[in-house]
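Let's take a walk through this structure together, going from loops to sheets, then to a helix and a cavity. Keep the 3D view open and turn it as we go.

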Amino acid sequence: MESPIRFWQGMTKAAGIDQLDKFMVGKNSDGSTKYADIIQLLRMLTTLGGSSFKGSIKPTDSPVVTTDQVFYIASPGVYANFGGITVTGLAGIVGQKGTEFTVTNLNADLGVYDRASSLSVVASVLGSEPNFDFLGGSIIFYKGTEYIPTVRKNSNFYEQPSTVVLEMPDGFLGYVLLNKLTRLPEVYSILHPNINQILSDDNLILFCNYFRNAKTISMNGSYKINSNLFGIDFQAYTLLHARNDVFNFDIANRKIYFPKSLFILKNKVGVLDDINQTITNCPPLTIPAGEGYHFLLFNTVLVNFRLIYFDNLAAIEEVRGDYRYIFIGYVYPGGDNAFIQGDFKINGVGSNGVDRFDPIADRFMYTRDMFLFDEDKLPLFKGGLFRTHSSGSKTNVTLFTHDLTNPTGDYKRFEVSEPLLINASEVGNFGNIIVEPNVNPGEVYLKKFNIHKVSRLKFILNPVEVYLSWFADSLGQGNAGLLTSPAYQLKKRLALMGINVKLTGSFNLESPDVNAPDGIYMAEARGYWQYKNFVGRNNAPYGQVITPKLSGRGSTKFQNPFLKLANATDKANHPNWCFRNTGSQNEKSYQEDQDKTGDFYIFDYLNYLGNQQFFAPNISVIALGTNDWQEYTSGGTNSYDLNQSVQALEIMITKMREASVNMKIIIVPANALSISRAEWETYFFPLMEAVVSMVEYKFANDPLVYLCPIYAHASRFGAYHSTSAESYLSGNNNTLKTTRSSDVHALDIVNGEGMDAYMKAIMPAVTFCI
């Protein structure tokens, strides 16, 4: 039988491949030919290579440990760890099988591959999670998605004006960038012919890298892969410390050896408490095949460990919904690395065991505003500035202050202790708190803020009348009666300073279950309520159903007078602010609901003022947040969503400002002073910092929106209830001991330390706003 003619027969094989070279592509059956270029060749390699393609490498890199046949795209140089091969072209394709290596030189500039690893994501994404459909090759970004540059100097906040669907271009690595002019995302492959120009464009912000073949994404924020929630939703849930021994990640031999005991501090919403667990007879765990990230989890019931490969979406969803699992960290065998909190070893080499300040786990937060009376000393607690209780012992904290109106004035420096008592006469009108870790003291963290000073005597001789509205939960309503309400105490104490506070609102603090709109103590402080209740996202706090009150004056505790029926304009302008009202803890928005028929409701402050028949108050205080997480810990289901709570506050402030351009708005981002350490670290601090960041970004240009950081000016450990009778420490020591409660209602003690601390922070803020 005659052999078929091959189209390449008689041709000479090229010694090298040049950037401008073309490649002949043909069919054996008829010998017809086409041509391709270097870019198409690389697309084919990276697309068809799948898990065999291991990305770009440099001469100092090391190969993966594998027996499979894999390949890399390499920059020029001698590769000592790859059998000493040399890439002599502008780039090369390096093949590997076990410990054997080959190289094919390419005379094409692939420098962009080298730069891929040095590019970092410089923006965070909030809102509806983008969906990366690796199966269909597209990405969807939703209207209202928010982009926050993480390089904060001279940066703005961007909100996406419309939903877009982007096609994933070919190439193993893709970039998604925000166009600052259109506020829409754009996607480009690393193989795009103008990629260098694109990545250097000042109008484009890089917020996402993705590896198409490996189905991995690098992005600050939540996202979905093939419609499965991923991203920040699966970050480190716990802080972990080993006692008696440490984790040993023997990645070289693909084994993990476990310590003899664990202490796990809960670091994410869930039903488990802190765990102090003895580990016995726990055999080493084998690291399975796969060089991508593996998730290491601990089963609190079976007392064992489990590894899940990052691409196993079914297993990820399984453990995410299983309360028994605690997330420990990541294992990355491809890079001989692991990431967990606490001490550990990698291939027998120990990590640094020094108890050092962790800027993420221990993080520091203050607000852009500080308020104090000229005649008083305002306490600033070092422990109140951080997420974790131990951070104060790991840092040096300094307050620098000067007067912006006096350019020749001296800077003044104060060491922040427990507490620093700030005297108004000793500080200027601008402050800067600087946190310097004890270990690696060259790295510092700082917060700059305005210092607002006002005299207690300002209105003594010329009394004034001010209308004030108070949005709050049970802490504001007065959990133990009217006398324990901060609104009542504020009115009473300011009266002694010549300030007659007229409390305005639809809810009567003296008769919460009766519609009595003409009382003296009117407010919007309602026990059980959250940010989300006011805007209609959650209509069943603690099982109590909230119904809209669309007309008429006054309201009872579980009626919402702020809602109105959303019209076509509301739905078009704010589809994610209009919600159903079905008695659910998580109502669907107009944007989320596939069924666009029927009624949706929106928070409308101007409509509320019209129904209540009064003008906008001079000052509104919003002191919420406790129930947003407290309901979850009390047995609520699907009721805690930090992003939803922060969005609800944004809705409130925006609609209140639309109704009144002159009203002063004071946000108290954390008003519960007696919560436990675990509750503060796990729930309240993350919510508080998200609230502060949102307000300071979105309302940066609104000079009448203030933040009052009560949490930093009171000792969270000095205001508490006791759960046991006081008893003597011992027969020879008459020191008393008791057990503190985690009850958030320290304000129940009239004129106690909790109320006194609350008033010291809020009174000068309100007085300054008059």
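Strands here are DSSP runs of E with at least two residues, numbered from the N terminus. With that in hand, the loop between β16 (173-179) and β17 (184-189) is easy to find, and R183 lies in it. Please keep in mind that this is a predicted model.

R183 is a good first stop for anyone who likes backbone torsions. Its phi is near 60 degrees, a positive value in a residue other than glycine. Is R183 buried or exposed? Its relative accessibility is 34%, and because buried means under 20% and exposed over 50%, R183 counts as partly exposed. Y528 offers a second case: its phi is near 85 degrees, again positive in a residue that is not glycine. You will find Y528 in the loop between β44 (522-525) and α7 (531-535). Y528 has 34% relative accessibility, so it counts as partly exposed.

One more backbone feature deserves a look. The peptide bond joining E418 and P419 is cis, with omega at about -10 degrees. P419 sits in the loop between β37 and β38 (420-423).

From that loop we can step back to β37 and the sheet it belongs to. Five strands make up this open sheet, in the order β34-β40-β39-β36-β37, and the pairing is mixed. Which strands stand at the edges? They are β34 (369-373) and β37; each has a single partner strand, so one side of each is left without a neighbour in the sheet. On average, neighbouring strands of this sheet are turned by 30 degrees against each other, direction ignored.

Now follow the pairings one by one. At the β34 edge, β34 and β40 (residues 445-454) pair in the parallel sense over five bridges, and F371 stands opposite H452 in β40. Strand β36 (residues 395-402) pairs with β39 (residues 430-437) in the antiparallel sense over eight bridges; here N396 has E436 in β39 as its bridge partner. β36 also pairs with β37 (residues 412-415), antiparallel over four bridges, and F400 has R413 in β37 as its bridge partner. Six of the eight residues of β36 are buried, so this strand is largely enclosed by the rest of the structure.

A second open sheet has four strands in the order β29-β28-β30-β31, with antiparallel pairing. Its edges are β29 (304-309) and β31 (337-340), each with a single partner strand, so one side of each lacks a neighbour in the sheet. The twist averages 25 degrees from one strand to the next. Within this sheet, four bridges join β30 (residues 325-332) to β31, the two running antiparallel, and Y332 stands opposite N337 in β31.

Next comes helix α11 (residues 642-659). At 1.5 Å a residue, its 18 residues should span 26 Å, and its end C-alpha atoms are 26 Å apart, which agrees. Of those 18 residues, 14 are buried, so α11 is largely enclosed by the rest of the structure.

We finish with empty space. How many cavities of 30 Å³ or more does a search of the whole structure find? The search finds one. About 30 Å³ of space lies in the largest cavity, and its lining is made up of E146, E159, N576, W577, Q647, E650 and K698. By class, that lining has one nonpolar, two polar and four charged residues.

Technical notes
Residues numbered from 1 in each chain as written. Predicted model: local features only at pLDDT ≥ 70, side-chain atom pairs only at ≥ 80, totals over all residues. Heavy atoms only, no water. 1 Å grid on protein atoms, 1.4 Å probe; cavity = no way out; pocket = protein on both sides within 12 Å on 5 of 7 lines; lining within 4 Å. Points joined across faces, edges and corners; volume = space filled by probe spheres on them. Nonpolar A, V, L, I, M, F, W, Y, C, P; charged D, E, K, R; others polar. Pairing = 2+ DSSP bridges. Axes fitted to C-alpha atoms, helices over the stretch in contact; angles between N-to-C directions. Expected span 1.5 Å × (residues − 1). Buried < 20%, exposed > 50% of the residue type's maximum accessible area, 1.4 Å probe, protein only.
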